[in-house]
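Trainee: Could we go through this structure together? I would like to begin with the interface and then move inward.

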Amino acid sequence: MQIGLKYCGSCNPEVDLLKIVERLKKELDKKKVRIVPLDTEGIDLVLILNACPTSCADREEVRQRAPLCITVNGRMIDYLPVKEEEIPELLKERIKKKGSGLK
Amino acid sequence: MIKSGKEYVESLRALSPVVYAFGERIKSVADYPLFAPHVNAAAMTYELANHPEFEDILRAKSHLTGDVINRFTHVHQSVDDLVKKVRMMRLLGQKTGTCFQRCVGLDALNGIYLTSYDIDKKYQTEYHQRFKKYLKFVQEKDLMLAGAMSDPKGDRSLRPSEQEDKDLYLRVVEKKKEGIIVRGAKAHITGTVNSHEIICMPTRTMTEDDKDYALALAVPIDAQGVTLIFGRQTNDTRRLDGELDAGNAKYGIVGGEALIVFDDVFVPWERVFMCGEYDFTTELVETFAGYHRSNYGGCKVGISDVVIGAAALVAESNGVEKAHHIRDNLTEMILLAETCWSCSLACSYEGYKTPSGAYTINPLLANVVKLNITRLNYEWMRLAQDIAGGIIITLPSEKDYRDKDVGRYVEKYFKGKEGFSTEERIRLYRLIENLAVGAGLPEAMHGAGSPAAQKIMIGRRGNIEEKKKLARVVSGIKEDIYFQKIVGMKEKEYFAQILRA
């Protein structure tokens, strides 16, 4: 599975997106999941990383980069509140769940 | 092209501007210690554009070439661009804790883009085409421009053409086939010494008598006849004393301003974007001022994020973080800062498309941003001083802290709560001193125009005549057709009915 990352720009971050990604990379099974640049061909999932609820990077043209999408929105995932320290693990689970439908 | 921070610094070494500071002719701007913090701050505007976590804000797509460029060279093509600009300001304010200088040039590019288009429409001149070529050049090379508007002005009760010394405003003294010769000066210009180019605009509305002063042009920083004289600031030489006493040793305080002298400088026509069209000076001044004022709710609020963090940390290091007045002060600081942030967002979201195709901010709200900053910035810095205490102006120097005989006393007697080293506390106190007791306050007051200028614009654009109409209708002086529709009869009949009852 190939995941492309899109960052919002972190103009006034509530969460540290780089730390989240760093921890997420440790959680993921590298044999099954690769994090690649967003402009890579054939991305399966785009992970839109917004450092606050405003979610500037959650735009149609970004979502269209892949058939699947998950958003971080400050202390939310897909606009549902979560605990900040749990974000990487919850993302891993969500990626696994969404990816299970892929051929 | 998008330069890295390092490439930007390197690019300064290739230039040879005539720069004076402290009585010395400076050979290399990039290597002069007193300029280092300003260079570093400006370098951040380059560096962050090269990191994926910031590129959505720091990068844009050129509407001229389709290339990806640094947003500091972009002419805004949408409301989203205007919003991203102020987000960029807040981000850089947070990262540097100071003025990072490059926005003046950005706003000058946008102001001249709009105005040159309008001048050409009226006079069938070629300014806009020339300007687009220049803009492409700026974008391709990823240049930093010093936006130069303020003239020295002399006797402010006199117009430029009435001054005894005609050079007190920048003017054209000769027109040739290849270009113009200009003479005069621009004062208080931010980031000049570490810019690649100077882009000049008129500082006020000009009349027909002042048409030689109705000038917009660009020159390289090392053009023949240009001399830069660097300005002094409170505690500027502290940066030569080590790291701690400067407070913000990496990025300094304010932008590093200079007097730019134009001693019969030749400017080729392809770099002239207004020359004599005095009837467009108001538009250019107000357009630039609007763009520039809209930034302050971004950059100063980003800096406030740093000072709020520093104040919270010193309170913690003193063991008083739970005290009611501390928490109240911190909340108040956040309230004031976010109020200004709201204003910057509002003036951006209320922006609109101009005939040139570029987008501009809402001018009324832009002036509201800046006027609020002139007041509220002082208040949140006052609260930072309140939280930090008098220690910010009584701490011993770094030299004493590091001294083999007395350093141990400083270490011992300035220790706070467990978990904070004395050095950490000194760093935080010095940072607050730097931010709250220095040149940053007058910069917030006067940068992009003094409070009186904003009040003039707010008064002019506040639409008082329309508001009078509203008051006449609601008070009953004038007919209220919607009320009549609600009650099904004229107001007078309706209230007469109530009286009879």
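Mentor: What follows is a discussion of a predicted model, from the interface to the cores and the salt bridges.

Trainee: How many residues of chain A are in contact with chain B?

Mentor: On the chain A side 12 residues are in contact, and they meet 12 residues of chain B. The area buried between the two chains is about 1,000 Å². Carbon and sulfur atoms give 50% of that area.

Trainee: And how many salt bridges cross the interface of chain A and chain B?

Mentor: The rule finds 2 there. In one salt bridge A:Arg59 pairs with B:Asp56, and the closest N and O atoms are 3.0 Å apart. The count of residue pairs in polar contact between chain A and chain B is 4. By class, the side of chain A that touches chain B has 6 nonpolar, 4 polar and 2 charged residues.

Trainee: Let us turn to the interior. Which residues touch the most other members of the largest nonpolar core?

Mentor: They are B:Phe35, B:Leu58, B:Ile198, B:Phe262 and B:Trp380, in a core of 142 residues. Helix H7 of chain B supplies the largest share of this core, 14 residues.

Trainee: What is B:Phe35 in contact with, leaving aside its neighbours within four places in sequence?

Mentor: Its contacts are B:Val19, B:Ala21, B:Ile26, B:Val29, B:Val193 and B:Phe230. There is also a second, separate core of 31 residues, which includes A:Leu28, A:Val62, A:Ile87 and A:Leu91.

Trainee: Back to H7 for a moment. Is B:Val301 buried or exposed?

Mentor: B:Val301 is buried, since its relative accessible area is 0% and the cut-off for buried is under 20%. This residue lies in helix H7, which spans residues 281-317 of chain B. Beyond four places in sequence, B:Val301 touches B:Arg90, B:Tyr296, B:Ala337, B:Cys340, B:Trp341 and B:Trp380. The C-alpha atoms of B:Val301 and B:Asn377 are separated by 8.5 Å, although the two residues are 76 residues apart along the chain.

Trainee: B:Arg90 is on that list. Which residue does B:Arg90 meet in a salt bridge?

Mentor: The partner is B:Glu338, with an N to O distance of 2.7 Å. This pair links distant parts of the chain, with B:Glu338 in helix H8 and B:Arg90 in helix H4, 248 residues apart. B:Arg90 is buried at 0% relative accessibility, whereas B:Glu338 is partly exposed at 27%.

Trainee: How many salt bridges are there over all chains?

Mentor: By this rule the count comes to 41. Another of them joins the side chains of B:Arg71 and B:Asp81, 2.9 Å from N to O. B:Arg71 lies in the loop between strand S4 and helix H4, and B:Asp81 lies in helix H4, so the pair ties together parts that are 10 residues apart in sequence. Both partners count as buried, B:Arg71 at 3% relative accessibility and B:Asp81 at 9%.

Trainee: And where are B:Lys122 and B:Asp279 placed?

Mentor: Their side chains also meet in a salt bridge, 2.8 Å from N to O. B:Lys122 is in helix H5 and B:Asp279 is in the loop between strand S12 and H7, 157 residues apart. Here B:Lys122 is partly exposed at 48% relative accessibility, and B:Asp279 is partly exposed at 32%.

Trainee: Which residues are joined into one network by salt bridges that share partners?

Mentor: The network consists of A:Lys6, A:Arg59, A:Glu61, B:Asp56, B:Asp80 and B:Lys84. A:Arg59 and B:Asp56 are the interface pair mentioned earlier.

Trainee: A new topic: what does the side chain of B:Gln454 reach?

Mentor: That side chain reaches the backbone oxygen of B:Gly449 at 2.7 Å. B:Gln454 sits in helix H14, residues 451-461 of chain B, and is buried with a relative accessible area of 0%. Beyond four places in sequence, its contacts include B:Arg293, B:Asn367 and B:Lys370.

Trainee: Lastly, the backbone. What is the phi of B:Lys153?

Mentor: The phi of B:Lys153 is positive, about 80°, although this residue is not a glycine. B:Lys153 lies in the loop between strands S5 and S6 of chain B and is buried, with a relative accessible area of 16%. B:Asn463 has a positive phi of about 60° and is not a glycine either. B:Asn463 is placed in the loop between H14 and helix H15 and is partly exposed at 45%.

How values were computed. Residues numbered from 1 in each chain as written. Chains lettered and ligands numbered in written order. Predicted model: local features only at pLDDT ≥ 70, side-chain atom pairs only at ≥ 80, totals over all residues. Heavy atoms only, no water. Contact = heavy atoms within 4.5 Å. Buried area = accessible area lost by both parts, 1.4 Å probe. Salt bridge = Lys/Arg side-chain N within 4 Å of Asp/Glu carboxyl O. Polar contact = N/O pair within 3.5 Å; in protein donor to acceptor, adjacent residues only side chain to side chain. Nonpolar A, V, L, I, M, F, W, Y, C, P; charged D, E, K, R; others polar. Helix = DSSP H or I, 4+ residues; strand = E, 2+ residues; numbered from the N terminus. Buried < 20%, exposed > 50% of the residue type's maximum accessible area, 1.4 Å probe, protein only. Core = buried A, V, L, I, M, F, W, Y, C linked by side-chain atoms within 4.5 Å.
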